[in-house]
Amino acid sequence: MRSILEMPAPIEKTANRLPVGRAPLLAFVSDAATEKVLRECLTQLSLANGMIVRGGIAKAIETLGAERSPDILIVDISGIDLPISQVDVLAEVCEPGVTVIAIGNRNEIGLYRDLLQAGVTDYIVKPLTSQLIARALNHGTGPREAGAIQKKLGTMVALIGARGGVGTTTIAVNLAWHLANRQSRRVALIDLDLQNGDCALALNIKPTPGLREALVNPTRIDSTLLERVMTPVGHHLFVLSSEEPLHEDLEITTEAIDTLVGALREQFHYVIVDVPRIPATVYRRALDIADFRIIVGDQTLRSVRDIVRLREVLGEGDGKQRNGFVVNRYGEGGRHAVTLQEMHHVLGLQPRTVIPFLPSVLAAATNGTRVAVARRSKFTDGIAALVLELSGRSPERRRWWGLAR
């Protein structure tokens, strides 16, 4: 098979929408006069392909919650009572790396400073002129200090099992699917077990050699390569998973992990990594750079012992990193299982969430075309609780008859 780096087209055709590049510029304005001036300026700056939409910042929040963010975003905050709060909401839905320019009708130095602190790159007071807009666009794309929204990076979540068979891959897959489909986040799911990983199998997709090619050739990693090697699952979830021959020795460096994760964090809200339970430097590196490190265990004595050992490897974390553990398959061992109280006595902390043992729910998902979290169940409630811990955002409210979609 030819290297994926040499292939002129995607690996395989798929019915799902392939990831596309960001639009160069997208503007949301509240009135016709602003739209006219802005359109004239974009034409003069050879940005005539930039899109202008009527609706202001509220429309921007609604649109970008479902679609890809542009490289440059212009939002109109005229007439908004709490513009800083709206900008904070906008920052939540924007992808990493977006330059945000605000326009409005309030000429206040305090508002200007608050907007910059909230992450906006520049603020223009109406009436607009082509010169003002051109200057703001040049500042937004030039060497000037980037705004907080533009500098924002996606959150990396690394999951590792205390022992084999506790359901780490199941948690990782369903967590990624929930973030992508219930919170409309752009999510990258990486299965670092290149020879025995099951993320692709759990999502009923074909693994590709793209992950190995990216890790073996880290200098080639960029947005173009990632678009070609990642497999889309719906509109918001993209998977990197391989199935390499068992007899091959894979040589992966910690620098390759850093490069891959760094590139993904610039394009996705979340990077979910299923880390194999192998005591190797490259896999420890994936845990070291994660924002959240989650140990998945069950109610067995062996699991409790190995959670203690893994906590020693991870350390206590700091303000930038958070550790936690999840109890999966709760209730499977019956009265012979280690109780939650006993686990707390040994570990000295409570689990982030407790996910019950529901073999019928998981078996139905395995035999069907949807993941388990796509349907209402106590398993879904457990994953939703974990999502709330990670994102601080409740899932979008949906009517009960739409949950299975």
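This is a short tour of one protein chain, stop by stop, for use with the structure open in a viewer.

**The whole chain**

Show everything first. The model is predicted. The protein chain has 405 residues, and 49% of them count as buried. Colour by secondary structure, and 16 helices and 13 strands appear. Now think about contacts between residues at least 6 apart in sequence: 78% of them join residues at least 24 apart. Turn on the surface. The protein chain exposes about 19800 Å², and carbon and sulfur atoms supply 51% of that area.

**Helix 2**

Select residues 56-64, which form helix 2. Which residues of helix 2 are buried? They are Gly56, Ile57, Ala60, Ile61, Thr63 and Leu64. Now add their cover. It includes strand 1 (25-29), strand 2 (51-54), strand 3 (72-76) and helix 3 (83-93).

**Helix 4 and Gly119**

Move on to residues 109-118, helix 4. Show the side chains of Leu111, Leu115 and Ala118, which are buried. These three cover an arc of only 65° around the axis, so they sit on the same side of helix 4. A general rule helps here: an α-helix has 3.6 residues a turn, so residues three or four places apart point the same way. Rotate to the other side of helix 4. There Ile109, Arg113 and Gln117 are exposed.

Next, select Gly119, which follows helix 4. Its phi is positive, near 120°. Gly119 lies in the loop between helix 4 and strand 5 (122-125). Is Gly119 buried or exposed? Its relative accessible area is 0%, and buried means under 20%, so Gly119 is buried. Add Ile101, which is 18 residues away from Gly119 along the chain. The C-alpha atoms of the two are separated by 9.5 Å.

**His236**

Jump to His236. It is in the loop between strand 8 (231-233) and strand 9 (237-240). This loop residue is buried, with a relative accessible area of 15%. What does His236 touch, not counting residues up to four places away in sequence? Select Ala66, Ala180, Ser184, Arg185, Arg186 and Val187 to see these contacts.

**Helices 11 and 12**

Select helix 11 (residues 254-265) together with helix 12. In general, two packed helices are described by the angle between their axes and the distance between the axes. Here the axes come within 8 Å and cross at roughly 35°. The crossing of helix 11 and helix 12 is right-handed. Show the side chains that make the contact. Helix 11 brings Thr254, Ile257 and Asp258, while helix 12 brings Thr281, Val282, Arg285 and Ala286.

**Helix 13**

Last, select residues 301-314, the 14 residues of helix 13. Try a distance check between the C-alpha atoms at the two ends. At 1.5 Å a residue, helix 13 should span 20 Å, and its end C-alpha atoms are 20 Å apart, which agrees.

Now show the buried residues: Ser303, Val304, Asp306, Ile307, Leu310 and Leu314. They cover an arc of only 170° around the axis, which puts them on the same side of helix 13. On the other side of helix 13, look for Leu301 and Glu312, which are exposed.

What do the buried residues of helix 13 pack against? Add these elements one by one:

- strand 6 (155-161)
- helix 12 (281-288)
- strand 11 (292-297)
- strand 12 (322-330)
- helix 14 (340-347)

Finish at Gly315, which follows helix 13 and has a positive phi, near 80°.

Definitions and conventions. Residues are numbered from 1 along each chain as its sequence is written. This is a predicted model: local features need pLDDT of at least 70, side-chain atom pairs count only at pLDDT 80 or more; totals for chains, interfaces and linings use all residues. Side-chain values use heavy atoms; hydrogens and water are left out. Helices (H or I, at least four residues) and strands (E, at least two) are DSSP runs, numbered from the N terminus. The expected span of a helix is 1.5 Å times one less than its number of residues. Buried means under 20% relative accessible area, exposed over 50%, partly exposed in between (1.4 Å probe, protein chains only). The arc is that of the directions from the helix axis to the C-beta atoms. Contact means heavy atoms within 4.5 Å. Accessible areas come from the Shrake-Rupley method with a 1.4 Å probe; for residues, only the protein chains shown count as cover. Axes are lines fitted to C-alpha atoms, for helices over the stretch in contact, and angles run from 0 to 180 degrees between N-to-C directions. A crossing is left-handed if the near helix is turned anticlockwise from the far one by less than a right angle, and right-handed if clockwise.
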